[in-house]
Amino acid sequence: MIKIANAPCSWGALEFDLENKSEAIGFAQVLDEIKETGYTGTELGDWGFMPTDPKKLREEIQKRNLELLGAFVPVALVNRAAHEEGIREALRVAELMHSAGYDTAFIVLADDNASNSQRTKNAGRITPEMGLNTAQWKVFAEGAEKLAKAVKDTFGLRTVFHHHCAGYVETPEEIDTFLSLTNPELIGLCLDMGHYAFGGGDPLKALDKYAQRIWHVHFKDFDSNAAKRSQEVGGDYFDALSKGVFSELGKGNVNFEGIVERLKAIGYDDWIVVEQDILPGMGAPKKSAQANRTYINTLGL
């Protein structure tokens, strides 16, 4: 039974250190609006956005009859010196979710997105020469595996990797490389439809290619016209966000009808998390959340 959740990033609560971060909506309002717009689960958001006391966290989630599905943890995996700090951060987040009673929640591991200026500036138009070399890939994959093993051994939680524009794993070819270098029993894939499309791929093909590796799914649409407007002015990843590159579901280029059919065909029966990444203070998040849930209803979910 596929269940539908939303996440704080749809309200502008992003992990990036942005100048207008103070405009992000507080966690209580976000959880209220997730519930009010018909979703039954949430992700944690950036550390400190929701309560970091496990008892308080569980109280806030439970009183709205929601489930906690996972937490986004960015780590600069290409930098070996950052691995130990990344593992400590992942264990801190895993301990919070485990202690709050969410033993099936995922660590949603990602690169430290937007920390490299070239990747950030060229999001959506990455060329092979902007990628990692063989030695860097080895460090990147080893760091991801060490982190996933530490989380699993300590708290029994699983780790999925979230490919992401403005990070070192964006294009379909980079995702292929990452998955080929990592243990499929340790690290699953969080397939994000919008990031996959923005990164130059077809999410339907990804579902076929990675069927056995997909443990977690994000529904995000991609507006190629918005991407083009940003690219025409030399805009970076955040400029693309400001222009609405991740539109409301059904208003972009992603074939969600086909995706739902394919998810059912491969036997996926877990959570789908809606993520409409926006900048703090941008748009009308509750209205968009409702529109996205209404659209998903038309898909039979």
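The paragraphs below lead through a predicted model, taking in turn a strand, a buried acidic residue, a helix and a set of salt bridges.

A good place to begin is strand β5, residues 106–111, where 6 of the 6 residues are buried, so that this strand is largely enclosed by the rest of the structure. Strand β4, which spans residues 70–75, pairs with β5 in the parallel sense over 6 bridges, and within this pairing Pro74 has Ala110 of β5 as its bridge partner.

From here one may turn to Glu43, which is found in the loop between β2 (41–42) and α2 (54–62). Glu43 is buried and yet has no salt bridge, since the nearest side chain of opposite charge, that of Lys220, is 8.7 Å away. What does the side chain of Glu43 meet in polar contacts? One such contact, of 2.8 Å, joins it to the side chain of His216, and another, of 3.0 Å, joins it to the side chain of His218. Once neighbours within four places in sequence are left aside, the residues in contact with Glu43 include Asn6, Ala7, Pro8, Met50, Leu68, Leu69 and Gly70, as well as Val108, Val273 and Glu275.

Helix α6, residues 172–181, shows how burial can be distributed around a helix axis. Its buried residues are Pro172, Glu174, Ile175, Phe178 and Leu179; they cover an arc of only 160 degrees around the axis, which puts them on the same side of α6. The elements covering these buried residues include α4 (117–121), α5 (134–155), β6 (158–162), β7 (187–192) and α7 (193–198). On the face turned away from the buried side, α6 carries the exposed residues Glu173 and Ser180.

The same helix also contributes to a salt bridge, in which the closest N and O atoms of Asp176 and Lys209 are 3.3 Å apart. Because Asp176 lies in helix α6 and Lys209 in helix α8 (residues 203–209), the pair ties together parts that are 33 residues apart in sequence. Both ends count as partly exposed, Asp176 at 30% relative accessibility and Lys209 at 48%.

Across the whole structure, 19 salt bridges are found. One of them joins the side chains of Glu142 and Lys138, at 2.6 Å from N to O; these two residues are 4 residues apart in helix α5 and are therefore separated by about one helical turn. Glu142 is partly exposed, with a relative accessible area of 28%. In another, the side chains of Asp239 and Lys243 meet at 2.8 Å, N to O, and Lys243 is partly exposed at 30% relative accessible area. Finally, salt bridges that share partners join Asp32, Lys56, Glu59, Glu60, Lys63 and Arg64 into one network.

Notes:
Residues are numbered from 1 along each chain as its sequence is written. This is a predicted model: local features need pLDDT of at least 70, side-chain atom pairs count only at pLDDT 80 or more; totals for chains, interfaces and linings use all residues. Side-chain values use heavy atoms; hydrogens and water are left out. Buried means under 20% relative accessible area, exposed over 50%, partly exposed in between (1.4 Å probe, protein chains only). The arc is that of the directions from the helix axis to the C-beta atoms. Contact means heavy atoms within 4.5 Å. Lys and Arg count as positive and Asp and Glu as negative; His and the chain ends are not counted. A salt bridge is a side-chain nitrogen of Lys or Arg within 4 Å of a carboxyl oxygen of Asp or Glu. A polar contact is a pair of N or O atoms within 3.5 Å; within protein, one must be able to donate a hydrogen and the other to accept it, and residues adjacent in sequence count only if both atoms are side-chain atoms. Two strands pair if DSSP finds at least two bridges between them.
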